[in-house]
Amino acid sequence: MDDLLIVEHLVKHFPVRQGIVPKTVGVVRAVDDISFVIKRGATLGLVGESGCGKTTAGRALLRLIEPTAGRVVFDGREVFQLKATAMRQLRREMQIIFQDPYGSLNPRMTVGGMLAEPLLVHGIENSLLNNPLKSNAAKSPAASPSLSKKQRVKQQVAELLQLVGLAPEHANRYPHEFSGGQRQRIGIARALALQPKFIVCDEAVSALDVSIQAQILNLLRELQQRFHLTYLFIAHDLAVVRHISDRVAVMYLGEIVEEADTEEIFSHPLHPYTQALLAAIPIPKPQAKRPQTKLEGDVPTPINPPTGCRFHTRCPIAIDECTQAPPPLVEISPGHRVACIRTEVAATRID
């Protein structure tokens with residue numbers, strides 16, 4: 001399985017301006033030098049508390065917001081070096097599912113209009129029906145050259161709705177006529193319209209009920225297997241991430257502090273912050289072994305983060321050395337990277 005997405009030293013800082021004549025007095029270090037790789041057809045879960053920079057990282061690598069520094073290579077192409085025309089072409093292959101299933105939909109457009117728009121803008125020949133991975137594409141009415149462009153678009157919209165578990169007649173309705181789970185299905189259909197290779201799922205289930213979360217997660221997995229999709233799955237709930245991710249990267253205050261295969265993270269977490277996130281997951285077996293770290297205090301401001309290890313102000317095993325220099329993200333075991341100088345001590349805290 002080759003690498004589809006390579007992120008190297010991604011940085012996104014937001015300037016802080018004050019005064020009648022605005023003057024930059026500082027920067028918000030939302031994303032501060034992170035690197036990771038996602039293999040083709042795999043899912044990387046990006047987790048952490050609210051405000052740690054997960055969403056900013058996902059939007060920056062898509063260039064929905066321009067990054068401050070760094071390098072992103074998608075399928076052999078340097079994303080940050082592309083001009084506007086080339087970037088527009090690349091957007092067919094890189095899509096996003098937003099957190100708010102209502103706020104991300106245009107309330108003045110019907111569902112059919114929203115799904116048809118990308119097909120018309122980017123060209124009907126790029127629709128999902130022509131995807132070679134779809135076994136019945138040749139039998140679809142929309143693939144017939146005898147139909148008009150309008151008819152083919154209508155057929156493709158119906159196909160997309162059925163693909164995500166909705167009915168073709170839903171194309172004539174407006175977003176306010178749907179439940180939260182149905183709206184998120186519409187968001188997924190819109191992301192799939194141009195048969196992308198890569199999708200950023202930005203807190204795609206956090207606004208949904210637990211039972212609906214399970215349905216959406218199962219849908220995402222089914223679509224991934226069917227169309228060989230690659231996901232960056234952003235979430236704050238490690239239990240959700242475990243269900244869908246192949247690897248997990250844990251962010252704290254703009255930095256990645258631990259990354260490993262999913263089961264390795266859950267069975268052998270080595271960073272105190274990861275242990276604290278795992279300890280916060282409700283489990284039905286009180287006797288089960290789990291990390292005992294508990295988070296205390298608030299997340300420091302990203303405008304003026306702590307010196308040294310950014311987690312040391314809340315870390316139960318921090319020592320003076322932790323305040324002096326930022327710990328490097330080093331490989332402790334094959335595929336398992338940790339940014340902590342006290343991994344041996346942290347390992348003993350797993351009961």
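Which elements are included in what covers the buried residues of H9? They include helix H7 (238-244), E9, E10, helix H8 (262-267) and helix H10 (343-347). The model is predicted. The protein chain has 10 helices and 12 strands, and buried residues make up 49% of its 351 residues. Among contacts in the protein chain with a separation of 6 or more, 66% are between residues 24 or more positions apart.

**Eight-stranded sheet**

- An open sheet of 8 strands runs in the order E6-E7-E8-E3-E9-E10-E12-E11, with mixed pairing.
- Its edge strands are strand E6 (94-97) and E11, each of which pairs on one side only.
- From one strand to the next, the twist averages 25°.
- Helix H5 (residues 180-192) packs on this sheet and touches E6 and strand E7 (198-202). The direction of H5 makes about 175° with that of E6.
- H9 also packs on the sheet, where it touches E9 and strand E10 (255-261). The direction of H9 makes about 105° with that of E9.
- E11 and strand E12 (residues 336-338) run antiparallel and are joined by 3 bridges.
- Valine 330 stands opposite valine 338 in E12.
- The hairpin of E11 and E12 has 2 residues between the strands. In this hairpin, glycine 335 takes a positive phi near 80°.

**Helix H9**

- H9 is mostly covered, with 7 of its 8 residues buried.
- The buried residues in H9 are Pro272, Tyr273, Thr274, Gln275, Ala276, Leu277 and Leu278.

**Four-stranded sheet**

- A further open sheet has 4 strands in the order E2-E1-E4-E5, and its pairing is antiparallel.
- Strand E2 (23-39) and strand E5 (77-78) are at the edges with a single partner strand each, so one side of each has no neighbour in the sheet.
- Strand E1 (residues 3-18) pairs with E2 over 13 bridges in the antiparallel sense. One residue with a partner in E2 is leucine 10, whose bridge partner is isoleucine 34.
- Helix H1 (residues 54-61) packs on this sheet, touching E1, E2 and strand E4 (69-74). The direction of H1 makes about 115° with that of E1.

**Nonpolar cores**

- The largest nonpolar core has 60 residues. Within this core, Ile188, Leu192, Leu220, Leu223 and Phe233 touch the most other members.
- Helix H6 (residues 210-227) gives the most to this core, contributing 6 residues.
- Apart from the largest core lies another of 31 residues, which include Leu46, Leu90, Met251 and Ile256.
- Neighbours within four places in sequence aside, isoleucine 188 contacts Ile97, Val164, Ile216, Leu219, Leu220 and Leu223.

**Leucine 46**

- Leucine 46 lies in strand E3 (residues 43-47).
- The relative accessible area of leucine 46 is 0%, so this residue counts as buried.
- Residues up to four places away in sequence not counted, leucine 46 touches Lys54, Ala57, Leu232, Phe233, Ile234, Ala235, Ala249 and Met251.
- Leucine 46 and serine 245 are 199 residues apart in sequence, with a C-alpha to C-alpha distance of 9.2 Å.

**Aromatic rings**

- The count of aromatic pairs comes to 4.
- For tyrosine 252 and phenylalanine 311, the ring centres are 5.1 Å apart and the planes are at 85°, so the pair is edge-to-face.
- Tyrosine 252 is in strand E9 (residues 247-252), while phenylalanine 311 is in the loop between helix H9 (272-279) and strand E11 (330-333), so the pair ties together parts 59 residues apart in sequence.
- Tyrosine 252 and phenylalanine 311 are both buried.
- One aromatic cluster is formed by Tyr252, Tyr273 and Phe311. Of this cluster, Tyr273 is among the buried residues in H9.
- Lysine 12 lies over the face of phenylalanine 14, at 4.9 Å from the ring centre.

Conventions
Residues numbered from 1 in each chain as written. Predicted model: local features only at pLDDT ≥ 70, side-chain atom pairs only at ≥ 80, totals over all residues. Heavy atoms only, no water. Core = buried A, V, L, I, M, F, W, Y, C linked by side-chain atoms within 4.5 Å. Buried < 20%, exposed > 50% of the residue type's maximum accessible area, 1.4 Å probe, protein only. Contact = heavy atoms within 4.5 Å. Phe/Tyr/Trp six-rings, centres within 6.5 Å; stacked < 30°, edge-to-face > 60°. Lys NZ or Arg CZ within 6 Å of the ring centre and 35° of its normal. Pairing = 2+ DSSP bridges. Axes fitted to C-alpha atoms, helices over the stretch in contact; angles between N-to-C directions.
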